[in-house]
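Colleague: Could you walk me through this model step by step, as you would for someone new to reading structures?

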Amino acid sequence: MTALAQNATYSDLPPLPEYQTTPMPPLLPPIPDKLLTVILPIAAYWVLSMLFHWIDTKDYFPQYRLHTPAEVSSRNKVSRWEVVRDVVIQQVIQTAVGWLLGMTEPDDLVGKEEYDVAIWARRIRITQRAIPELLALLGLNAHGLAKNLNPSHPVLAGVILGGRYSALATTATASGGFGKSAAEFTSWEKMLASAIYWYIVPAVQYSIAVVVVDSWQYFLHRAMHMNKWMYTTIHSRHHRLYVPYAYGALYNHPVEGFLLDTLGASVAYKLAAMNTRQGMWFFTASTFKTVDDHCGYALPWDPLQRLTSNNAGYHDVHHQSWGIKTNFSQPFFTFWDRVLGTVWTGGDVSARYEKARIAAQKKVDHENAETAITHSNAADSTTADPRPYLDDRKNATDLASIPLKDQLPLPPQGKAELQAAGSRQQVLDDEDDGGAQVLVQEAAEEKEARSLLRRKGRRRTASSLSQADSLRGLKDRVTGSMHGRAGALIGMESNR
């Protein structure tokens with residue numbers, strides 16, 4: 001397709017270049033980009049999942065595990081085969097929707113880029129026309145100012161004149177006016193236009209997509225926890241994984257998988273007005289982030305876990321019986337949790353997180369606001385606004401029948417206490433995959449973790465005492481040796 005420059009309306013502006021478009025070559029020939037957009041997120045899901053599964057089976061980073069392998073097998077209420085089956089079902093639905101979405105999109109074309117950059121350069125030139133009027137409001141004469149600047153700074157003089165870059169000295173008229181616009185754009189206009197077209201606009205599109213998908217998933221995800229029917233009928237399936245692992249990230253009820261993940265990402269893609277190639281990277285990045293959030297490791301060198309606090313540790317709280325009605329945000333940022341008060345406020349309440357932190361040889365300072373796992377501070381529980389959990393303790397009617405010894409870990413007083421009560425009541429509401437046995441089992445795991453920590457503490461104390469005794473013995477031996485040498489020297493002096 002060929003388009004001629006359209007100059008009728010903008011006769012005083014530089015002309016637009018002609019262009020001829022051709023279909024964009026596929027990223028990975030011979031696979032069309034629209035098909036690759038469907039394939040790549042699924043491939044990314046299984047490649048990253050299998051990487052974490054390989055790390056699991058080889059036990060390469062046990063010090064960074066959020067939970068032990070025994071917890072994965074004992075606390076989860078679904079087999080790995082069922083997880084794989086349901087993930088594949090969701091990905092079949094995802095593929096069908098992605099293919100239909102691709103059919104609604106025009107084919108991506110190349111060859112028009114220079115023209116589109118010139119359009120932005122025109123917009124920059126037109127925007128400059130307001131500068132003389134703005135200077136006049138400040139009491140400045142744009143023509144006089146430009147005339148003084150022209151010998152040393154001709155480009156700046158042209159900007160002040162409203163985008164008229166003629167040579168002022170040679171185009172001045174008898175009436176004191178200046179020449180018309182130059183026949184082409186200046187270098188700075190071209191550079192800025194290129195930056196807008198190639199970098200700023202895509203960055204804005206990706207930002208819009210992230211905001212849309214985060215908002216979509218937060219409010220729908222939260223609704224599935226606040227509505228008892230939606231939770232027990234649909235969303236509770238995902239929470240059969242009380243100890244998440246990587247390839248269980250998309251283990252969902254098919255209805256949830258469609259509404260929360262597939263439809264949410266599709267709406268974000270459409271509202272951000274992305275092209276096929278942009279959508280390919282957005283869907284793949286979202287998939288990587290979702291898998292990483294369920295990987296079960298707090299890896300200090302994982303870039304996805306360092307860029308945002310919405311990571312594996314943050315989301316793991318949401319899968320525990322005491323935090324299931326908190327930390328709804330996913331997959332990118334925690335903005336909505338923090339604005340609407342649904343972020344977990346109890347700190348690293350579980351001894352299992354403490355154990356992981358000790359295994360990682362990280363210094364623990366409970367008076368420090370830094371938190372390595374949950375990214376929350378227990379001190380906030382007493383000062384945080386208790387909304388939206390004001391009625392959760394009162395509504396936790398079934399929780400009153402559960403002995404306190406089976407409600408471990410105990411959250412700090414305040415908002416975290418309300419959050420834990422509401423979360424545990426939701427587990428009790430889920431008769432099929434939850435119930436009191438989940439709380440009993442988690443309390444037993446917590447007791448075991450605390451017992452292990454106490455044993456480690458005693459071993460460290462004994463080791464420290466033994467080391468101190470050894471040092472004292474060494475000191476005594478060195479001192480005695482020196483005294484002996486001193487006596488010999490004194491004796492020698494006496495003999496003399």
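Modeller: What follows is a short exchange about a predicted model, beginning with the whole chain and then turning to one helix.

Colleague: How many helices and how many strands are there in the protein chain?

Modeller: Before the count, it helps to know that the chain has 496 residues, of which 45% are buried. Among its contacts with a separation of 6 or more, 74% join residues 24 or more positions apart. As for the elements themselves, the protein chain holds 20 helices and four strands.

Colleague: Which side chain of opposite charge is nearest to Asp214?

Modeller: Asp214 belongs to helix H9, which covers residues 187-226, and leaving aside residues up to four places away in sequence, it touches Gln330, Pro331, Phe332, Phe333 and Trp336. Asp214 is buried and yet has no salt bridge. A salt bridge would need a side-chain nitrogen of Lys or Arg within 4 Å of a carboxyl oxygen, whereas the nearest side chain of opposite charge is 7.9 Å away and belongs to Lys289.

Colleague: Which helix gives the most to the nonpolar patch?

Modeller: The patch lies on the surface, has an area of about 640 Å², and is made by Trp198, Tyr199, Ile200, Val204, Ile208 and Leu271. The helix that gives the most, with five residues, is H9.

Colleague: Is Val204 buried, partly exposed or exposed?

Modeller: Val204 is found in helix H9 and is one of the residues that make the nonpolar patch. Buried means under 20% relative accessible area and exposed means over 50%, so Val204, at 43% relative accessibility, counts as partly exposed.

Methods
Residues are numbered from 1 along each chain as its sequence is written. This is a predicted model: local features need pLDDT of at least 70, side-chain atom pairs count only at pLDDT 80 or more; totals for chains, interfaces and linings use all residues. Side-chain values use heavy atoms; hydrogens and water are left out. Helices (H or I, at least four residues) and strands (E, at least two) are DSSP runs, numbered from the N terminus. Buried means under 20% relative accessible area, exposed over 50%, partly exposed in between (1.4 Å probe, protein chains only). Lys and Arg count as positive and Asp and Glu as negative; His and the chain ends are not counted. Contact means heavy atoms within 4.5 Å. Patches are made of residues with over 30% relative accessible area and no salt bridge: like charges are joined within 9 Å, nonpolar side chains (Val, Leu, Ile, Met, Phe, Trp, Tyr) within 5 Å. Accessible areas come from the Shrake-Rupley method with a 1.4 Å probe; for residues, only the protein chains shown count as cover.
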